[in-house]
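Student: Please take a close look at one part of this model, the salt bridges, and describe what they connect.

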Amino acid sequence: MSDRSRWPGWVYSTGEEPDYRFSFANERTFLAWIRTALALLAAAVAVDVVNLDISRGMQVVLVTLLAVLGMVAAIASWVRWALSERSIRERRPLPSFGFAVLVAIGLVVAGIVFLLASL
Amino acid sequence: MVTDTGLSNERTALAWQRTALSLMVAAAVMGRLTFGRLGLVAVGPLGIATVLSAWVFLESRGRYEDATRRRLRPRPRGGRAPLALAVAVVLIGATEIAAFLTATET
């Protein structure tokens, strides 16, 4: 049963309505990712407003890296939600999605930059 | 018809509300921090982020009421509410970057 009245069409036009608990679980995963994105923004704000005794250049790198990572994570979490919802409807395996790795790499880079900056 | 055999609808509604409230708080804090640097420019994106989050908060309440009272699948849920939250995060992040880089240049 495809539903063309729901948005976005490329998610809801295929497959059939799943047990709604699966959709709920998918939404909660999305929301957890949104809160992760928000935490990354909070980290950017912290580097901005707290006096860390690092150079202005390093501060620019850190704030920009963390804030952009948070914004990318927000958009990626929506894309992940939509792809997962479509896979659930079509009873296919969930897609693998690499942005957790991106967040991890970004945080490691931010940590290294911060360590080097505060030496 | 799938009856609700657990509390997953309540758990999900709470997760929506928690996230929407966090975003409203984040927009308020960001407004406090950036207003001095950006002035009224900060009000636009943060105001939109607050409205989007408030809409998602009310929307999630409606879905939950519907699901508990009738034990039916709630009215069609789509991708707009999640997109609203994602856009709100992007707007708050953009405001932070704008405020920070403005301070760098001066």
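Tutor: In this predicted model, the side chains of Asp19(A) and Arg21(A) meet in a salt bridge, with 2.7 Å from N to O. Arg21(A) is partly exposed, at a relative accessible area of 30%. Another set of salt bridges shares partners and joins Arg6(A), Glu17(A) and Arg89(A) into one network. Over all chains, the structure holds 6 salt bridges.

Within the network, Arg6(A) pairs with Glu17(A), and the closest N and O atoms are 3.1 Å apart. Arg6(A) lies in the segment before α1 of chain A and Glu17(A) in the loop between α1 and α2, so this salt bridge ties together parts that are 11 residues apart in sequence. Glu17(A) also forms a salt bridge with Arg89(A), where the closest N and O atoms are 3.0 Å apart. That pair links distant parts of the chain, since Arg89(A) sits in helix α3, 72 residues from Glu17(A).

Burial can be stated for each member of the network. Arg6(A) has 7% relative accessibility and counts as buried, because the cut-off for buried is under 20%. Arg89(A), at 2%, is also buried. Glu17(A), with a relative accessible area of 22%, is partly exposed.

One backbone detail belongs to the segment before α1, where Arg6(A) lies. A cis peptide bond joins Trp7(A) and Pro8(A), with omega about -5°, and Pro8(A) is found in the segment before α1 (9-12).

Definitions and conventions. Residues are numbered from 1 along each chain as its sequence is written. Chains are lettered from A and ligands numbered from 1 in the order in which they are written. This is a predicted model: local features need pLDDT of at least 70, side-chain atom pairs count only at pLDDT 80 or more; totals for chains, interfaces and linings use all residues. Side-chain values use heavy atoms; hydrogens and water are left out. Helices (H or I, at least four residues) and strands (E, at least two) are DSSP runs, numbered from the N terminus. A salt bridge is a side-chain nitrogen of Lys or Arg within 4 Å of a carboxyl oxygen of Asp or Glu. Buried means under 20% relative accessible area, exposed over 50%, partly exposed in between (1.4 Å probe, protein chains only).
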